[in-house]
Amino acid sequence: MRLSKLLTGCCFLLGFALLWTACGKEDVSPSNGGNTPLSGTRYKDSVFTEVIQHKDIVYGRATTQAGITIDLSMNIYEPSNDTEQKRPLILLAHGGGFAEGSKEDFDGLAKTFATRGYVAATIGYRLMDAADNSLKVAVVDAVHDMRASVRFFTKDNAYKIHSDNIFIGGFSAGAVTALHYAYLDTEDLATAPEEVRNHLNANGGFSGNSGNPGAKEDIRGVINIAGGLFDAQWVDAGEAILYSIHGTADPSCGIDPDAASNPDGDFIQGSCVIHPIADSVGIVNTFKVLEGGDHGAYFSCGDCDADMRRFLFNNLSL
């Protein structure tokens with residue numbers, strides 16, 4: 001599937017994502033009116049009745065492809081009156097084909113994670129702001145912004161984060177961003193598109209210049225909802241663990257025959273290609289296969305969020 005087609009599909013599906021956010025996949029309202037943790041297992045069950053929301057927190061600053069410098073912001077959710085000093089962090093990025101979308105798109109899921117004891121954040125990142133913008137550059141910019149958002153939490157640990165339990169992810173473009181954050185490294189540059197290499201070299205390398213320089217940016221795992229890589233062969237042993245949700249009828253899953261030959265990085269190679277490679281190199285991974293599902297199949301999946309949470313709970317480094 002060519003990136004231009006992926007962009008069209010992502011924009012069409014944005015409406016579904018907004019509807020899903022507005023309705024909520026799960027009720028996270030206080031159940032007993034208090035702040036005392038409920039019975040259950042932290043990180044597995046919903047054990048907090050109230051969540052603190054920090055809206056529009058600026059985590060960095062960067063310049064778009066149109067030359068406009070913008071603030072980068074996120075919404076942060078954490079359990080109220082929590083005394084735990086080392087908490088897992090989940091960062092979620094919206095879809096929209098790098099052309100649209102909002103950090104609020106994943107607020108509902110972030111709140112759900114916070115009721116289970118996580119700190120969760122939904123991030124905004126640079127989008128294409130001109131008709132002639134490059135999708136390859138947009139991926140690099142988004143990765144740089146996501147790295148800055150991770151460093152925001154590790155620079156002074158004001159949110160009491162367990163730095164060995166940082167998970168990044170998102171839907172579609174947001175998942176593409178998280179996957180490239182996790183699996184594109186120096187050894188892979190030889191097979192990366194020239195435009196990607198050039199933009200990395202001119203803009204701070206892998207870490208980028210979006211803010212919070214010098215802080216730790218290592219991650220434990222990726223939540224990939226209908227995302228992909230320019231080259232699935234970039235997944236190597238010892239890299240981040242991976243949880244994916246993807247419909248098999250979505251061309252971006254990577255089952256399209258054209259996706260197997262990708263000399264210039266013009267295709268997205270998704271979960272159907274990535275997971276066999278992850279298996280072969282020994283990366284802990286789970287692929288939630290939605291048989292016959294399209295690009296937005298996640299939004300009508302009744303058990304996907306529970307399955308995702310189970311994977312995270314079983315793979316926390318505590």
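How many of the 9 residues of helix α2 are buried? The legends below take up this question, along with the whole chain and a loop residue. The model is predicted.

**View 1. Helix α2 is largely enclosed by the rest of the structure.**
The helix covers residues 107–115. Of its 9 residues, 7 are buried, so the rest of the structure largely encloses α2. The buried ones are D107, L109, A110, T112, F113, A114 and T115. In an α-helix, residues three or four places apart point the same way, because each turn takes 3.6 residues.

**View 2. G117 follows just after α2.**
Here the backbone takes a positive phi. The value at G117 is about 105 degrees.

**View 3. E217 sits in a loop between a helix and a strand.**
The helix is α5, residues 194–202. The strand is β6, residues 221–225. E217 counts as buried because its relative accessibility is 14%, and the cut-off for buried is under 20%.

**View 4. The side chains of E217 and R151 share a polar contact.**
Its length is 2.6 Å. Leaving aside neighbours within four places in sequence, E217 also touches other parts of the chain: its contacts include R147, V150, Y181 and S207. R151 is on that list too.

**View 5. The whole protein chain has 7 helices and 10 strands.**
The chain holds 318 residues, and 57% of them are buried. Consider the contacts with a separation of 6 or more: 75% of them link residues 24 or more positions apart. The chain exposes about 12400 Å². Carbon and sulfur atoms supply 50% of that area.

Key:
Residues numbered from 1 in each chain as written. Predicted model: local features only at pLDDT ≥ 70, side-chain atom pairs only at ≥ 80, totals over all residues. Heavy atoms only, no water. Helix = DSSP H or I, 4+ residues; strand = E, 2+ residues; numbered from the N terminus. Buried < 20%, exposed > 50% of the residue type's maximum accessible area, 1.4 Å probe, protein only. Polar contact = N/O pair within 3.5 Å; in protein donor to acceptor, adjacent residues only side chain to side chain. Contact = heavy atoms within 4.5 Å. Areas by Shrake-Rupley, 256 points an atom, 1.4 Å probe, with all protein chains shown as cover.
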